[in-house]
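Me: I am new to this structure and would like to understand the reasons behind the terms used for it. Could we go through them one at a time?

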Amino acid sequence: MDKVEGLVIRTNNYGETHKIVTMMTREKGKIGVMARGAKKPKSRMSSITQPFIHGTFLIQSGSGLASMSQGEMISSLRSIREDIVKTAYASYIAELTDKLIDEKQPDPFLFEQLLQTFLWMNEGKDPNILTLMYELKMYRKAGFAPVVDHCLHCGNPEGPFSFSMVEGGLLCYRCKHRDPEAYGLPDPLPKLLRVFLHMDVKRLGQITMKDENKQLLRKIMDEYYERYGGYFIKSKKFLKQLDLFSD
Ligand SMILES: [Zn+2]
């Protein structure tokens, strides 16, 4: 029997009364476990296996799928579940994690980033900025992060910069001609991209961004993922319907 700290990122019904719960855990990375009886609406198992629940769980591993024998809630992250916009962002973050992360590869840093992202969202910090920060870290983990620390062609760390989709990151003013389609990045976006990629989300203080800058980064991230991300993320559709993501 193992005790793990985890966040529920996906649930699938299994038979009449069971659920298969996918969790990100601190100790074991992403795992899937069978939660018997979790589909019964009023069961204790049901309440601790809702999306975004943060808890400790007792897991019995065997030859097949592990099973959950008990769980205790640390935080229900209720204000996420009660707010449609927060739910949309959190669902997207959970699905992105589920799609891009391999099973059973512990990564305590990434676990902390996911947990803190949900906690900040629950407390009311800007879900748009939190999502950008988390996405960039996921892209890095999955091996396709854009180059944002310097010009990807000549290494120049000084701006002004443009963002090139084709080349996958920043081009400085000298190398900009390599991609006429590159998006010009007004200050402070190059620096923010760097901060979002590298900064531990726990250290996030007050960052404010102009709406037009948020929209531009959002558009760049969406286009970038389309090109390099691979997996279809179905919860993006909901964000697009709410006009939070670009088409
Ligand atoms: Zn350059």
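**Reasons behind the terms**

Reply: We can begin with the sheet: in this predicted model, five strands form a closed barrel in the order β1-β2-β3-β5-β4, with mixed pairing. Neighbouring strands of this sheet are turned by 50° against each other on average, when direction is ignored.

Me: What makes β2 and β3 a pair of strands?

Reply: Pairing requires at least two bridges between two strands, and seven bridges join β2 (residues 18-25) to β3 (residues 29-35), so the two count as paired, and they run antiparallel. One of the bridges links Thr22 to its partner Gly32 in β3.

Me: Which strands does α3 lie across, and which does α4 touch?

Reply: Helix α3 lies across β1 (2-14), β2 and β3, and runs at about 100° to β1. Helix α4 also packs on the sheet, where it touches β1, β2 and β4 (54-60), and its direction makes about 65° with that of β1.

Me: Why is α3 called roughly antiparallel to α4?

Reply: The term applies to angles over 145 degrees, and α3 (residues 84-100) packs against α4 at about 175°, with the axes 11 Å apart; therefore α3 is roughly antiparallel to α4. In this contact, Lys86, Tyr89, Ala90, Ile93, Ala94 and Thr97 of α3 meet Leu114, Thr117, Phe118, Met121 and Asn122 of α4. These residues divide into seven nonpolar, three polar and one charged.

Me: How do you know that β6 is paired with β7 and with β8?

Reply: The requirement is again at least two bridges: β6 (residues 161-164) is joined to β7 (residues 169-172) by four and to β8 (residues 183-185) by three, so both count as pairs. Each pair runs antiparallel. Ser164 has Gly169 in β7 as its bridge partner, while Ser162 has Gly184 in β8. The hairpin of β6 and β7 has four residues between the strands, and there Gly168 takes a positive phi near 85°.

Me: What is found on the two faces of β6, buried or exposed residues?

Reply: Phe161 and Phe163 lie on one side and Ser162 and Ser164 on the other, and all are buried, so both faces are covered.

Me: What makes the approach of Lys125 to Gly205 a polar contact?

Reply: The cut-off is within 3.5 Å, and the side chain of Lys125 reaches the backbone oxygen of Gly205 at 3.5 Å, so the pair qualifies. Lys125 is placed in the loop between α4 (108-123) and α5 (127-142), and, leaving aside residues up to four places away in sequence, touches Trp120, Leu130, Leu204 and Gly205.

Key. Residues numbered from 1 in each chain as written. Predicted model: local features only at pLDDT ≥ 70, side-chain atom pairs only at ≥ 80, totals over all residues. Heavy atoms only, no water. Contact = heavy atoms within 4.5 Å. Polar contact = N/O pair within 3.5 Å; in protein donor to acceptor, adjacent residues only side chain to side chain. Axes fitted to C-alpha atoms, helices over the stretch in contact; angles between N-to-C directions. Parallel < 35°, antiparallel > 145°, perpendicular 65-115°, else oblique. Nonpolar A, V, L, I, M, F, W, Y, C, P; charged D, E, K, R; others polar. Buried < 20%, exposed > 50% of the residue type's maximum accessible area, 1.4 Å probe, protein only.
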